[in-house]
Amino acid sequence: MTLFHPVQEKDVTRAISRGFLRQFDEYVDSDVIIVGGGPSGLMAGRELARTGVKVLIVERNNYLGGGFWIGGYLMNKITLRAPAQEVLDELGVPYEKYVEGLYVADAPHACSKLIAAACDAGVKFANMTVLEDVIIRGENRVAGVVVNWSPIAYLPKEISSLDPVPLEAKVVIDATGHDACVVRKLQGRGLVRMAGEGALWIEGSEDAVVERTGEVYPGLVVAGMAVASVYGLPRMGPTFGAMLLSGRRASEVAGQLLERVSAS
C-alpha cells in the first residue's frame with residue numbers, strides 16, 4: 001500500500017535550500033532583529049510581529065526557548081509572580097496557584113506555546129547562528145548585526161576563519177540573557193559601560209528589570225536578564241515573569257523607535 005505522495009530526493013533538497021535562501025534573502029533587511037530566542041526575545045518578537053513589524057530572531061542554539069524549557073535545577077516547572085500569569089492566560093497554558101501571587105506551570109508547555117505564538121505572529125528565525133559583531137552607522141547608531149554559523153567556534157582554525165555576514169535592521173534588541181552579548185560588543189569599543197549583574201534577589205530584580213528595559217544605545221534595546229547585566233541589577237533565579245513582561249516592554253520601546261525612524 002502506498003500512503004505518501006511520490007517525490008524525488010532532489011525535490012526534498014531543493015525545497016529546503018530554496019525555502020531557506022528565499023527567507024534569508026528577505027530578512028537580510030528587517031525592521032527588528034532580536035538576538036536571543038529565550039522568553040524575553042520570543043515575547044518581544046511575538047508582540048512586534050502581531051503589529052505587522054518584520055522580525056528576525058537570531059539564536060545560537062538549534063532550539064528556541066533558552067531556560068524557559070526547563071525551569072530551575074533541571075526540574076521542568078516554571079514559576080511566575082502575578083501579574084505575569086496573565087501571559088499564560090493569553091497563550092492558553094494551564095497553571096496552578098502555589099501561594100498567593102505565585103503560580104507554577106509546566107515549562108515545556110509554556111515554552112512551546114510561546115514559540116508557537118511567535119511563529120503564528122510571523123516571526124522568523126535564524127538558529128544555529130551566533131552574533132559576531134554589530135553594524136554601527138551614521139552618528140553611532142546600531143544598524144544591524146554581524147552573524148556566523150554557531151558550529152564555527154568548534155571547527156579547526158582553517159575553517160573557523162570563515163567570514164561572517166551582516167544583517168541590517170532599524171532596531172536591534174539584545175535578549176541574550178546574562179551574557180548581554182550585543183551590549184558587550186559596544187562595551188569592548190568603549191561605547192557603553194556594563195555594571196554586571198548582582199546577587200540573587202527575586203523581589204528586587206523583577207520590577208527593576210522590567211522598569212529598566214529600554215534603549216541602552218541608539219538603535220539598541222536591552223531586554224530580559226541582559227538588563228540586569230547592563231545596570232548591575234540583582235539576578236532573579238528560576239522565575240520568569242519579568243522575562244515575559246520585559247520582552248513586552250522591549251517591543252513597546254522598539255515600536256516607538258521604529259516610528260521615529262519612519263518619521264525621520
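Which residues lie nearest the centre of the second largest pocket? The legends below take up this question first, for a predicted model.

**View 1. The second largest pocket and its lining.** F24, T129, N148, W149 and V165 lie nearest the centre of this pocket, out of 14 lining residues. The space in the second largest pocket amounts to about 240 Å³. At least two lining residues are supplied by each of α1, β6 and β8, the last of these spanning residues 141-149. Sorted by class, the lining of the second largest pocket holds ten nonpolar residues, three polar residues and one charged residue.

**View 2. The largest cavity, with a volume of about 70 Å³.** The count gives one cavity of 30 Å³ or more. The lining of the largest cavity consists of F20, Q23, F24, Y27, V28, L56, F125, A126 and L167. Helix α1 (9-26) and strand β6 (124-127) each contribute at least two residues to this lining. The largest share, three residues, belongs to α1. Eight residues of the cavity lining are nonpolar and one is polar, while none is charged. F24 appears in the lining of the largest cavity and is also among the residues nearest the centre of the second largest pocket.

**View 3. The largest pocket, holding about 730 Å³ of space.** Its lining comprises 34 residues, and those nearest the centre are G66, G67, T176, G177 and H178. Two or more lining residues come from each of α2 (39-49), β2, β7 (129-137) and α6 (181-187). Of these elements, β7 provides the largest share of the lining, with three residues. The class composition of the largest pocket is 13 nonpolar, 16 polar and five charged residues.

**View 4. The surroundings of E59 in strand β2.** Strand β2 covers residues 55-59 and is one of the elements giving two or more residues to the lining of the largest pocket. E59 is buried but forms no salt bridge. The nearest side chain of opposite charge belongs to R60, at 5.0 Å; the cut-off for a salt bridge is 4 Å between a side-chain nitrogen of Lys or Arg and a carboxyl oxygen of Asp or Glu. A polar atom of the E59 side chain lies 2.8 Å from the backbone nitrogen of G37.

Conventions: Residues numbered from 1 in each chain as written. Predicted model: local features only at pLDDT ≥ 70, side-chain atom pairs only at ≥ 80, totals over all residues. Heavy atoms only, no water. 1 Å grid on protein atoms, 1.4 Å probe; cavity = no way out; pocket = protein on both sides within 12 Å on 5 of 7 lines; lining within 4 Å. Points joined across faces, edges and corners; volume = space filled by probe spheres on them. Helix = DSSP H or I, 4+ residues; strand = E, 2+ residues; numbered from the N terminus. Nonpolar A, V, L, I, M, F, W, Y, C, P; charged D, E, K, R; others polar. Buried < 20%, exposed > 50% of the residue type's maximum accessible area, 1.4 Å probe, protein only. Lys, Arg positive; Asp, Glu negative; His and termini not counted. Polar contact = N/O pair within 3.5 Å; in protein donor to acceptor, adjacent residues only side chain to side chain.
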